[in-house]
Amino acid sequence: MRRPVALRLHAALATLAVAAATGVVLSMPEAAAAAGGATGYATQNGGTTGGAGGRTVRATTGTQIHEALCGRASSSTPIIIEVEGTINHGNTTKVSGDSCSTAADKIELKQISNVTVVGVGSGAVFDQLGIHIRESSNIIIQNVTVRNVKKSGSPTSNGGDAIGMESDVRNVWVDHTTLEASGGESEGYDGLFDMKDNTQYVTLSYSTLRNSGRGGLIGSSESDRSNGYVTFHHNLYENIDSRAPLLRGGIAHMYNNHYKSLNDSGINSRAGAKAKVDNNYFEDSKDVLGTFYTDQAGSWQVSGNIYDNVTWSEPEGDNNPAGPDPQSNTTVSVPYAYTLDDASCVPGVVSGTAGANKGLKVSDGNCAPQTPDPTPDPTDPTPDPTDPTPDPTDPPTGTNLSIGAGSDGSSKADGTSYGNVRDGDPSTYWSPDGTTGSVSVKWGAATTVSKINIREAAGSEGTIGSYRVVNHHTGAVLASGSGAGVITFPAVSLEKITFQITGASGTPKVAEFETYAG
């Protein structure tokens with residue numbers, strides 16, 4: 001029988017203690033920030049580039065990290081923060097400024113965007129100090145170790161999470177990190193990689209998560225289903241009791257991960273969640289996939305996985321493992337391209353690539369680690385298929401699904417109506433009460449939409465500036481850009497779609513909000 005996670009750490013901790021006592025320092029290669037570019041769901045919703053194009057600063061303390069954030073011209077000014085050395089409570093203080101919102105007991109990335117934090121030189125270790133991402137977007141965390149973050153005992157940080165995200169977080173890429181604890185909840189630790197309260201478009205890649213009672217979660221409760229669109233690939237989960245991850249609602253894609261010594265359960269898809277599980281290697285583990293500890297089931301699509309010495313419990317009550325012969329019970333499609341390594345070589349590839357201080361090596365898709373290509377020039381980005389440039393010369397064809405539908409929105413200007421955007425009459429319109437606002441089209445049942453056409457009223461053409469198209473019920477951003485016209489995105493089934501005007505040169509006048517299936 002496996003011993004609890006805390007009891008299996010003593011030998012490893014003793015080895016680390018000897019290394020510390022003898023002054024051993026491991027030399028790490030210099031890292032290049034965000035080499036190779038984001039992958040998975042982090043490439044969607046406009047992509048994840050972090051601080052690309054901004055200035056680069058060096059930090060050796062937590063206070064210096066906060067000072068770098070607070071020293072920017074604005075909270076969205078791009079910046080790359082290169083970190084070297086040990087960051088802990090002793091060298092981390094709160095810093096104030098107009099472009100930041102920091103804290104003394106964690107690395108706080110709050111209400112900011114366009115930031116890269118990357119370990120360089122001899123390595124970056126966040127010791128007992130968690131990284132917290134809140135109300136932020138376009139963040140990259142790369143080549144760092146975060147260890148022994150506690151929620152009880154002393155010192156405490158970040159609710160016990162190594163990396164935690166919450167409250168309207170978008171587009172985060174965490175890559176080549178080592179996230180580790182020294183036990184479970186009874187020893188004061190919580191999750192290694194947690195997402196909640198409307199966190200979307202996240203990728204965790206080439207990382208090591210180990211020695212923890214909880215690997216991580218997506219959704220803090222059965223009712224917190226606003227999270228999702230998360231990719232996990234080429235990660236090592238080792239000596240984890242459960243939550244590898246726990247997924248409540250939303251969609252997650254797990255491919256080419258090595259799961260070793262999952263002691264109680266692994267991928268826990270529940271509360272309506274969907275997990276796409278491709279070409280992973282599960283080893284010396286128990287109940288690696290299923291719905292556990294709840295009567296609110298999730299689902300999964302499985303392909304190409306290897307189960308090596310995996311044991312399965314019998315279904316009983318709130319425990320419903322997918323094995324001993326896991327079969328798909330849903331289908332999941334993903335909007336990005338990816339290349340699968342054969343599952344049989346996953347342990348070797350992950351061993352050579354996953355974790356901090358591995359030279360940012362990645363798989364070549366043929367079972368061999370390689371040094372990634374440099375990051376593409378940010379001035380010449382690859383177009384995002386979910387954010388195409390509208391082409392007003394190519395009007396949509398087919399049935400306008402908005403005719404006969406319902407509509408609502410934010411506050412409207414006097415004399416305008418939400419219904420005017422779906423009446424087929426270009427002489428009537430809706431305007432927000434100001435220069436920004438939102439208008440929605442809604443149906444009584446799920447409706448498939450892949451294209452919209454925003455028509456401005458005569459005389460107001462060109463007024464609409466920046467916008468977002470949003471699945472109203474999930475919060476997922478389907479497209480973003482500037483200017484009215486035809487906007488396409490991957491087909492999605494929804495009951496309400498919202499056009500959010502986030503910038504304009506005057507008061508916008510939306511004559512028609514047309515919706516099309518294709």
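Is Glu-166 buried or exposed, and what is its relative accessible area? Glu-166 is buried, at 18%. The close-ups below come from a predicted model, and Glu-166 turns up again in the second of them.

**View 1. Arg-58 and Glu-82 meet in a salt bridge.** Look for the closest N and O atoms of this pair, which sit 3.2 Å apart. Arg-58 belongs to strand β1 and Glu-82 to strand β2 (residues 79–87), so the contact links distant parts of the chain, 24 residues apart. The two ends have their own surroundings: Arg-58 is partly exposed, with 42% relative accessible area, while Glu-82 counts as buried at 17%.

**View 2. Arg-134 reaches Glu-166 through a salt bridge.** Here the N to O distance is 3.3 Å. Since Arg-134 lies in strand β5 (residues 131–134) and Glu-166 in strand β8 (residues 163–166), the pair ties together parts that are 32 residues apart in sequence. Arg-134 is partly exposed, with a relative accessibility of 24%. Glu-166, as we saw at the start, is buried at 18%, because the cut-off for buried is under 20%.

**View 3. Arg-248 pairs with Glu-222 in a salt bridge.** The closest N and O atoms are 2.6 Å apart in this one. Arg-248 comes from strand β17 (residues 246–248), and Glu-222 from the loop between β14 (217–218) and β15 (228–233), so parts 26 residues apart in sequence get tied together. Both partners are tucked away: Arg-248 is buried with a relative accessible area of 8%, and Glu-222 counts as buried at 17%.

**View 4. Four charged side chains join in a network of salt bridges.** The members to pick out are Lys-151, Glu-185, Asp-190 and Arg-214. For the wider count, a search of the whole structure turns up 17 salt bridges.

**View 5. Tyr-41 and Tyr-336 pair up edge-to-face.** A search of the whole structure gives 13 aromatic pairs. In the Tyr-41 and Tyr-336 pair, the rings are 5.1 Å centre to centre, with 80 degrees between the planes. Tyr-41 lies in the loop between α1 (10–21) and β1 (55–59), and Tyr-336 in the loop between β26 (320–321) and α3 (346–353), so this pair ties together parts that are 295 residues apart in sequence. Tyr-41 is buried, and Tyr-336 is too.

**View 6. Six tyrosines make up one aromatic cluster.** Tyr-41 and Tyr-336 show up again here, joined by Tyr-201, Tyr-229, Tyr-255 and Tyr-338.

How values were computed:
Residues numbered from 1 in each chain as written. Predicted model: local features only at pLDDT ≥ 70, side-chain atom pairs only at ≥ 80, totals over all residues. Heavy atoms only, no water. Phe/Tyr/Trp six-rings, centres within 6.5 Å; stacked < 30°, edge-to-face > 60°. Helix = DSSP H or I, 4+ residues; strand = E, 2+ residues; numbered from the N terminus. Buried < 20%, exposed > 50% of the residue type's maximum accessible area, 1.4 Å probe, protein only.
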